[in-house]
Amino acid sequence: MSEPSSAPSAPSETTASEFDLLAPDPGQRPLGPTPSQSRFQVDLVSEAAGASEEKSPSSDGSAVAPEGPCGDPAVASVEEAKGRFRVVNFADSSGAGSAASPEAAPEGLQNGDTVMSETSLHSSTGGQHHYHYDTHTNTYYLRTFGHNTIDAVPKIDFYRQTAAPLGEKLVRPTLSELHDELDKEPFEDGFANGDELTPAEEAAAKEAAEPKGVVKFGWIKGVLVRCMLNIWGVMLFIRMTWIVGQAGIVLACVIVCMATIVTTITGLSTSAIATNGFVRGGGAYYLISRSLGPEFGGSIGLIFAFANAVAVAMYVVGFAETVVELLNGVGAVMTDEINDIRIIGTITVIVLLGISVAGMEWEAKAQIFLLVVLITAIINYFIGSFISVKSKESFGFFGYDGKIMWENMGPDFRNGETFFSVFAIFFPAATGILAGANISGDLADPQMAIPKGTLLAILITGIVYLGVAISTGSCIVRDASGKVNDTVSSHFMTNCTEASCHFGFDFSACRNGSATCNHGLHNDYQVMSLVSGFSPIISAGIFSATLSSALASLVSAPKVFQALCKDNIYPYIGIFAKGYGKNNEPIRGYILTFGIALVFILIAELNTIAPIISNFFLASYALINFSVFHASLANSPGWRPSFKYYNMWVSLAGAILCCVVMFVINWAAALLTNVIVMALYIYVSHKKPDVNWGSSTQALTYQQALTHTLHLSGVEDHIKNFRPQCLVMTGYPNSRPALVDLVHAFTKNVGLMICGHVRTGYRKPNFKDLATDQSRYQRWLMKNESKAFYTPVFAEDLREGAQFLLQAAGLGRLRPNTLVLGFKNDWRDGDMMNVETYISMIHDAFDFQYGAVVLRLKEGLDISHIQGQDELLSSQEKSSGTKDVIVSIDTSKDSDADSSKPSSKATSLQNSPAVQKDDDDDGKATTQPLLKKDKKSPSLPLNVTDQRLLEASQQFQKKQGKGTVDVWWLFDDGGLTLLIPYLLTNKKRWKECKIRVFIGGKINRIDHDRRAMATLLSKFRIDFSDITVLGDINTKPKKEHVAAFEEMVEPYRLKEDNLELEAAERLKNSEPWRITDNELELYRAKTSRQIRLNELLQEHSSTANLIVMSLPLARKGAVSSALYMAWLEVLSKDLPPIILVRGNHQSVLTFYS
């Protein structure tokens, strides 16, 4: 890059000539990027050029891409870039240039729109346009701090998940773009660090990105008004006075305070969650699901939406009952009481539905009107309480008096009521604090509105409830007859002790039951109408309280349900996710809520359902409180609420309080609620929705895993707790399913399993590909229910990579202790240096104190040549296919995956020739199930060998039936050879297989050796069906087998006797795998033993489901790799599946308790 000139004058001739070469003809504009252009082009222009352009009047007109007609190519490229969410604006915030400065850009391009490079606007030769396109995304780069660099300054738009109401989604330059060589192909775009959204969130964000005409509410209209209307229910007017009569002023205040404490703690918790990031629509469901995950969120979301829908019916029936009572008072009965409630309720809910469907703006206006009526009714009561009217005294209202207050101070529970039963009746009046949060998607600033509006509503309503409790208890007696004649004569004044006696009334007959009294706090639910200045306003207040609560619930239920449907947690309800109009109104949800409400209105008896609804609300409150405690306990760096007035232990206490209140109100309903929540939780957990919301459950799981891993590292290993923790050299896991399946069978829920993959090759290692493969194949393992970790590494050669894994794989005590390899079936067909590498890996395992396990199937292990999996999952695979990789894998592009072929040799180590593909083969291969080919790719008929290989690769996925696992425990390696088959036969698929044990011995001690082994196995508590002592193990093998072995090793002998000493040494150094004559003679007895063992295996175990045999050891440096490989070959050939096992000679079994 050329450095800009420091001269303040016009740019130099050189710079101008460079511009002439780069700029198009005057008046022309390039139509788009050309393939040869680099995304990393930078402008060779001087600082002076930029300075002169600032003074040039013409620069103002060409500082930005003009907003031309639809067909304008520049506009088209902008729109394309926006559509891909890749709109880059690395502007110079310091204003070093007209294009970078905010003043120069029109309003439409202020927030992340595509802008031309400031240094590309004019050349010094006459204002010619000079464009530099980003060939990758059709965007333009600007200067940062006045220098040509694509490094970007911190900007909020880089942190958005996608298009959002507050601005465009921008993508900062990736580390690869800044760090990699310029001639390297840039990586594909994508969302970093798990910011990729689900289709539902994408759709929601796109809808939110259209702010024109959308109605958004502030904290007063959106939260405060709704919460106050919902909390002030009918209880305020028709039950509060009865509660004071039963519990007295003191305990009534205690009841109000207890309910307020629960709601206040929940309000604080709601505020903390709501201020910990951007809040979308969905209210309680959104808050809980994004905090605790989809399991709790999905279960609560469904019952919360249903509870709101049924609450509509409750409030409407309450309204209808009041109207029917008024009609009965004037004799205006239509049919009978129940049917009148149904008729009025149906008409009412239809009117409310019309208001809701008309839009949030109309609904908000209706709420404001209802709040005005409600506040007027409350003020009307308090004014009336100060106006003492003589005609009201016989009904128990005498005005404020200390004696009445003192008399009503204590409790007077009647008709079997208790403190908790009265509390249960009042508590539903305190609910409704989530009315504002439930429409979080319609709030202009939910983070500010929800805390301020909710907490202020709780404070105001709590004060009013306390005021009404104290006021009614201070001016109304508990019992009154309503008869003017119940006065006290002066003769009986001394015997009258009640507060009413002070005012000349004797209502003692009401208390002793000799007269029926229908007035006073205890007997008259409508006593507030009596006290008020104008009683019809109280009736209007009751109507307002019921209708406002019904309207709030009618709006809340569809909004919550719509958010739940968009997340696609439950099947068959996606139809309700669709929104209509500028506010994305859930019309379908309104109709569903209307239908549910109508069903319960027609029942007209909700006394049994009301407690369940209260419990549903309380369950939501409990989980919101628990969410805050859980998130604080997880100590995730992402938990940073801007609302600081919360405490994790207070939130936990709030959650426990909510659960206690649930059982206090109605224990049967509480049990039912818990059963429903748990059932839905289990269902969602079983379904495992494909969402990742960064829940506190994940954070706490990580913290616990970290804590337990560290704690485990501080404890010494014990024999009783030994577990086989296997490093399995699989290569790509789906290329050797038999190896993965067998090891998983004995490590599942017992020990660690790591699928190691060494990627080698001459190309530069692409570490981004490695990370992509790591996450992709981890998903593959999870999809196949294999409890294992995939760990790939880059290395110069296979042995070096294996050493990396042997040293570094695992964490703390969760480290492998056993290396598992596939047998190298094709060792005689390829380069013998691969055999040297293979055997060296086994030696390295023993050097690192690992055990070693080698699996051999006579058909082979590697099926990648059948499926095209030797080029599996190339790094250039389209990002859209990453989620489908488990089913279909694109390998059509060139990749460095060929470098993994040596690792194929390391595991099954078979070099079967790859099937030749036609040019039109799209290269897709299915990984599940194994026997099916991709429908799009031309399927080649499998030969018999490949068909057998595919069938063999699936044999460990099936139930094994009644067979045997033959254990040839010839050498004591610490017990690993015996432990693996024991663990295997404990699994469901191998349960019916019996263990048969074969040991070496002498002919004259067979019975003794059998009894000794039976005793040992019984002490180890390992069941066995038979013990066979091989007395003829040292018999010489058949001559034809010996001859076959010698013929096999002939090509690999050094034959040093036929060479000069120096030539022999030179050949041995260049080909260390060669077998010397001395070595062959020295280990002839051991060779004969391997041949003889194969004969015995053929005789005794040819029908076994699996053979587990001690792996023969070869002294490092003494036995050549070719000879050792020949031993393994002759020992294990032509047999059922066989695993050769050698522990690290540390005890892994014990008979001590």
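Is Ala1104 buried or exposed? Ala1104 is buried, with a relative accessible area of 7%. The legends below cover this residue and several other sites in a predicted model.

**Figure 1. Overview of the predicted model.**
The protein has 1153 residues, and 53% of them count as buried. Its secondary structure comprises 38 helices and 12 strands. Among contacts with a separation of 6 or more, 81% join residues 24 or more positions apart. Mean pLDDT is 75, and 73% of the residues reach 70 or more. Over residues 184-196, pLDDT is below 50. Beyond near neighbours in sequence, that stretch has 24 contacts in the model. Residues 868-938 also have pLDDT under 50. For residues 868-938, the model has 185 contacts beyond four places in sequence.

**Figure 2. Surroundings of Ala1104 in a loop.**
Helix 37 (1084-1100) comes before this loop, and strand 11 (1106-1110) follows. Leaving aside residues up to four places away in sequence, Ala1104 touches Thr964, Asp966 and Pro1136. Ile995 is 109 residues from Ala1104 along the chain. The C-alpha atoms of Ala1104 and Ile995 are 10.0 Å apart. The relative accessible area of Ala1104 is 7%, under the 20% cut-off, so the residue counts as buried.

**Figure 3. Gln367 and its contacts from helix 13.**
Helix 13 spans residues 360-385 and contains Gln367. Gln367 has 1% relative accessibility and therefore counts as buried. Its contacts, not counting residues up to four places away in sequence, fall in two stretches of numbering. Val225, Arg226 and Leu229 are among them. Ser548, Leu551 and Ala552 are also touched by Gln367. Arg226 has a further partner in Phe217. The charged end of Arg226 sits over the Phe217 ring, 5.6 Å from the ring centre.

**Figure 4. Ser269 in helix 9.**
Helix 9 covers residues 240-274. Ser269 counts as buried, at 0% relative accessibility. Setting aside residues up to four places away in sequence, Ser269 touches Ile624, Asn625, Val628 and Ser651. Phe626 lies 357 residues from Ser269 along the chain. Their C-alpha atoms are separated by 8.6 Å. Phe626 also belongs to an aromatic cluster with Phe629 and Trp649.

**Figure 5. An edge-to-face pair, Phe643 and Tyr645.**
The whole structure holds 24 aromatic pairs. In the pair shown, the ring centres of Phe643 and Tyr645 are 5.7 Å apart. Their planes meet at 75 degrees, over the 60-degree cut-off, so the pair is edge-to-face. The two partners are not alike in accessibility: Phe643 is buried at 13%, whereas Tyr645 is exposed at 64%.

**Figure 6. Arg290 over the ring of Trp693.**
The view centres on one charged end and one ring. The charged end of Arg290 sits over the Trp693 ring. It is 3.8 Å from the ring centre.

**Figure 7. Packing of helix 15 against helix 22.**
Helix 15 runs over residues 419-426, and helix 22 over residues 648-665. Their axes lie 9 Å apart, at an angle of about 105 degrees. That angle falls within 65 to 115 degrees, so the two helices are roughly perpendicular. Helix 15 contributes Phe420, Phe423 and Ala424 to the contact. Helix 22 meets them with Val661, Val664 and Ile665.

**Figure 8. Two loop residues with positive phi, Asn415 and Arg1021.**
Most residues other than glycine have a negative phi. Asn415 has a positive phi, near 55 degrees. Asn415 is placed in the loop between helix 14 (402-407) and helix 15. Its relative accessible area is 76%, so Asn415 is exposed. For Arg1021, phi is near 60 degrees, again a positive value. Arg1021 lies in the loop that runs between helix 33 (1006-1019) and strand 10 (1026-1030). Arg1021 is exposed too, with a relative accessible area of 56%.

How values were computed: Residues are numbered from 1 along each chain as its sequence is written. This is a predicted model: local features need pLDDT of at least 70, side-chain atom pairs count only at pLDDT 80 or more; totals for chains, interfaces and linings use all residues. Side-chain values use heavy atoms; hydrogens and water are left out. pLDDT is the predictor's confidence in each residue, from 0 to 100. Contact means heavy atoms within 4.5 Å. Rings of Phe, Tyr and Trp (its six-membered ring) pair if their centres lie within 6.5 Å; planes under 30 degrees apart count as stacked, over 60 as edge-to-face and the rest as tilted. Buried means under 20% relative accessible area, exposed over 50%, partly exposed in between (1.4 Å probe, protein chains only). A charge sits over a ring if NZ of Lys or CZ of Arg is within 6 Å of the ring centre and within 35 degrees of the ring normal. Axes are lines fitted to C-alpha atoms, for helices over the stretch in contact, and angles run from 0 to 180 degrees between N-to-C directions. Helices (H or I, at least four residues) and strands (E, at least two) are DSSP runs, numbered from the N terminus. Angles under 35 degrees count as roughly parallel, over 145 as roughly antiparallel, 65 to 115 as roughly perpendicular and the rest as oblique.
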